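Work through these exercises with the sequence and the model side by side. Try each task before you read its solution.

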Amino acid sequence: MTASGTVYLVGAGPGDPGLITARGADLLRGADVVVYDRLVSSELLALAPGADLIYVGKEPDTPGEFQAFINEQLAANARDGKSVVRLKGGDPFVFGRGGEEAIALAEAGVPFEVVPGVTSAIAVPAYAGVPVTHRDVAAAFTVVTGSEDPVKPDPQVDWKALARVGGTLVVLMGWRSLPAIVQTLLEEGTPRDTPVCVVQWGTLPNQRTVSGTLEDIVERGEAEGITSPVVTVIGETAALRPALRWFDRTPLFGRRVLVTRSRTQAGTLSALLTAHGAEAVELPTIAVEPVSDTSMLDAALAELAGFDWVVFTSTNGVDAVFGRLSAAGKDARAFAHAKVAAIGPATAHALAGRGITADLLPAAYTSRSVANSFASLDIRGARILLPRADIAPPTLPDGLRHMGALVTEISAYHTAVPEEAAATASETLASGTIDAVTFTSSSTVRNLVGLLGGADLINQSKVVSIGPVTSKTASELGVRVDREASEHTVRGVADAVLEVLGDE
């Protein structure tokens, strides 16, 4: 019989994918199955690329028996010997029905582990600039579900007691029932001028906060179009928001920035933009794939000892070369007789991770700059291996040949347009909600223009380019470049987005 697997009840946190615990992230990377809720971030699901994903999100009107289906999915997959991550918003045991699922697993004899998460009861107020306690105004806080109508007969929540307990009251999932909650608290003697904040989509770039008092918060929230999901904070600490708000004061808060890098590389730029408060909308317009025929690359790598230099122009080239070396049972020692050049710190870092320190790293991160750097060396007759993309421009090899080098160009990887990108590209940019579009290579420009059938939709947003080659391609295709990164790196692109959107 197959040994039973384990179910891990993992708290995903309140929304911001950066708030998942290290233990939770590690379990996702090793998961065979991920059973996830409605508000779980796609970035967290991306941590489990090889897992089967089972969506069990609930809406307010989802039948109660659906929970039994979830319990059976967890147990059945574990019985098949799989590692199952039950990914739940916030903390599994704070209004997440994690206790019920744990009991069902225990009764079924299925091993389980609980991995606590950051609960929205604390995180969402914090992102809104509201501490749940403060020694001067609130020595305690109470967390309560708002999904129960306080006026129904025999409610589980004793709202009369809550009106008298003092401190901070945090209500989760309570937007629909907030008018009744407010009315009950007022009837039980809570002062009408008690400060209140309602926070929608807390911890996410589209977070919205409305402040008021118990007397007018419902009216204010409705006027601002607030809808679920909402966390409501009632108490004197809510009045501290004007002084303590920080998240919605980040420089790119509320801005949406399109990231067109490949899916495997988008994360770095997205993380930099998110750190500034932006919503990074990932639309990969390029996919990096192995070349169908590796015979030429394999042959060149078998003769590495005969080359004087190997020039890497991207991390993709590093990955491709070392992938083929590994397939041949070789490693960094194959470069013992050759010097290595790299374009950009990311490429140099990728080489360093494989035990190679670049001998040449030009000050500017372009192919032309690499060629200029070689100009100070005598490379007449030098044999140079150049493994790169199958559609790379001729600027670098032509420049090296002009200096007398013997250049061997090899297609180390293939770039293609993701199949699903066309419809998504049109829908995303036609919405008119993208503030800036970023391009990190000529390929990303060509592919997006091709997907859209022209540059018109792109030019409705600010456009940021990583460097002069990419900018030139954009100009040739009718794309207006508003800002070119002064440092031709992903970090430089993020800085350029800050500049161009900060000018508005």
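**Exercise 1.** Find the bridge partner of C197 in β9.

*Solution.* Start at C197 and cross to β9: the partner is S211. Now widen the view to the strands (DSSP runs of E, at least two residues; helices are runs of H or I, at least four residues; both are numbered from the N terminus). Strand β8 covers residues 195-200 and pairs with β9 in the antiparallel sense, over 6 bridges. Two strands count as paired if DSSP finds at least two bridges between them.

This is a predicted model, in which local features need pLDDT of at least 70 and side-chain atom pairs count only at pLDDT 80 or more, while totals for chains, interfaces and linings use all residues. Residues are numbered from 1 along each chain as its sequence is written, and side-chain values use heavy atoms, with hydrogens and water left out.

**Exercise 2.** Place β8 and β9 in their sheet, and find the helix that packs on this sheet.

*Solution.* The sheet is open and has 5 strands, in the order β6-β7-β10-β8-β9, with mixed pairing. Its edge strands are β6 (141-145) and β9 (208-213), and each pairs on one side only. Neighbouring strands are turned by 15° against each other on average, direction ignored. The helix is α5, residues 120-127. Helix α5 touches β6, β7 (168-172), β8 and β10 (230-234). Contact means heavy atoms within 4.5 Å. The direction of α5 makes about 80° with that of β10. Axes are lines fitted to C-alpha atoms, for helices over the stretch in contact, and angles run from 0 to 180 degrees between N-to-C directions.

**Exercise 3.** Lay out the sheet that holds β4.

*Solution.* This open sheet has 5 strands in the order β3-β2-β4-β1-β5, with parallel pairing. The edges are β3 (52-55) and β5 (112-115), each paired on one side only. From one strand to the next, the twist averages 20°. Next, take the two partners of β4 in turn. Strand β1 (residues 6-11) pairs with β4 over 6 bridges, and T6 stands opposite S83. Strand β2 (residues 33-36) pairs with β4 over 4 bridges, with V33 bridged to V84. Finally, add helix α4 (residues 98-108), which lies across β1, β4 and β5 and runs at about 175° to β1.

**Exercise 4.** Is strand β4 largely enclosed or open?

*Solution.* In a regular strand, side chains alternate between the two faces of the sheet. S83, V85 and L87 point one way from β4, and V84, R86 and K88 point the other way. Both sets are buried (under 20% relative accessible area; exposed is over 50%, partly exposed in between; 1.4 Å probe, protein chains only). Strand β4 (residues 83-88) has 6 of its 6 residues buried, so it is largely enclosed by the rest of the structure.
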